[in-house]
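The following note is offered to a colleague who is beginning to read protein models. Please consult the sequence and the structure alongside the numbered points.

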Amino acid sequence: MQSALDFPDLLRLIDERSTAFRAAVATAPDLDVQVPTCPEWTLFDLVQHLGEGRRAWAATIAAGPDATAKCAPQGDPAAPREREALLAWLAASTRQLLDALREAGPDRGCWTWWGKSQSPQTCSAVARRQLHEIAVHTYDAQLTVGAPQPLPDEVALDGVEEFLSTICTTTVAWPHEPAAVDYHATEGRSWRNWLSDEGARAARLPAPGTMPATGTAADEDPDAADASLGGTANELVLALYGRIPLDSLKLDGNRRLFDQLVAWDPER
């Protein structure tokens, strides 16, 4: 599944979500407050994770398609503890990432950890993954300061699709009975994830009740999923990333399938 967002939009939204993340951090009474959705981290830890991660991806993009692993940035300053300096360091991390992506362009190859998924190993796919990691962590930061906001619609809709393409697809065999799982956004978009001994594949459903041209459906009824999850695109993204419970959404069919999906960790 290709992104519904083009490369300039991905870069614009990375910048926007990064700005929203910094705005949340700026209002926190204390950087040592615990992050409810990442309980092992303080807010400072979350900022450090986001900044160091963006610098590492900037270095990886700059290394070019011949890189064989994620690159560590060389000579970058550590995250400072003082708030204003920390926010400036975080803004510089975002600039490094965006500069590297602009310099490389969308089609250049890049090392990624998702080589067995449906997402390509290109800078455009890296930008897409970066957008959604930043977007979810922006929600984390906003929740921490008591002001959670839903993801923008264009981010949330693309976020469901990117999660399915990158996280939920692989050529590694599904270790359980073959199944089909659907995801329905109230905004009018749906996706299907097929699970079999050939791995896991996903596609957007072209219209309610219809099937895409490729894929293997459930054995008994080719038009019926074994389980489905429904809600707004924002709710689906937050549930997929474990930020809200699955049971807070509309869940139909075999609930155990979602437990198996959460527990499954195929080598990528």
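1. A glutamine and its contacts. In this predicted model, Gln130 is in contact with Ile14, Arg54, Trp57 and Leu97, once its neighbours within four places in sequence are left aside. The residue belongs to helix H4, which covers residues 123–144. Gln130 is also buried, since its relative accessible area is 1%, and a value under 20% counts as buried.

2. Secondary structure. The protein chain contains seven helices and seven strands. Their order along the sequence is α-β-β-α-α-α-α-β-β-β-β-α-β-α. The student may wish to trace this pattern on the displayed model, beginning with the helix that opens it.

3. Overall dimensions. The radius of gyration of the protein chain is 19 Å, close to the 18 Å that the globule rule gives for 268 residues; the chain is therefore as compact as a globular protein of that length. Taken along the principal axes, a box of roughly 60 × 45 × 30 Å is filled by the C-alpha atoms.

4. Burial and contacts. Of the 268 residues in the protein chain, 51% count as buried. Among contacts with a separation of 6 or more, 67% are accounted for by residues 24 or more positions apart.

5. Surface and charge. The protein chain has an accessible surface of about 11,900 Å², and carbon and sulfur atoms account for 51% of that area. The chain carries 23 positive and 39 negative charges, and the mean positions of these two sets are 4 Å apart.

6. Cysteines. How many disulfides does the count give? The count comes to zero. In Cys123, which is in no disulfide, the sulfur has that of Cys110 as its nearest cysteine sulfur, 4.8 Å away. A disulfide requires a pair of cysteine sulfur atoms within 2.5 Å, so this distance does not qualify. Cys123 counts as buried, because its relative accessibility is 0%.

7. A second cysteine. Why does Cys168 form no bond with the closest cysteine sulfur? That sulfur belongs to Cys38 and lies 18 Å from the sulfur of Cys168, which is too far for a bond. Cys168 is buried as well, with a relative accessible area of 12%.

Definitions and conventions:
Residues are numbered from 1 along each chain as its sequence is written. This is a predicted model: local features need pLDDT of at least 70, side-chain atom pairs count only at pLDDT 80 or more; totals for chains, interfaces and linings use all residues. Side-chain values use heavy atoms; hydrogens and water are left out. Helices (H or I, at least four residues) and strands (E, at least two) are DSSP runs, numbered from the N terminus. The radius of gyration is taken over C-alpha atoms; the globule rule is 2.2 Å times the number of residues to the power 0.38. Buried means under 20% relative accessible area, exposed over 50%, partly exposed in between (1.4 Å probe, protein chains only). Contact means heavy atoms within 4.5 Å. Accessible areas come from the Shrake-Rupley method with a 1.4 Å probe; for residues, only the protein chains shown count as cover. Lys and Arg count as positive and Asp and Glu as negative; His and the chain ends are not counted. The place of a charge is taken as NZ of Lys, CZ of Arg, CG of Asp or CD of Glu.
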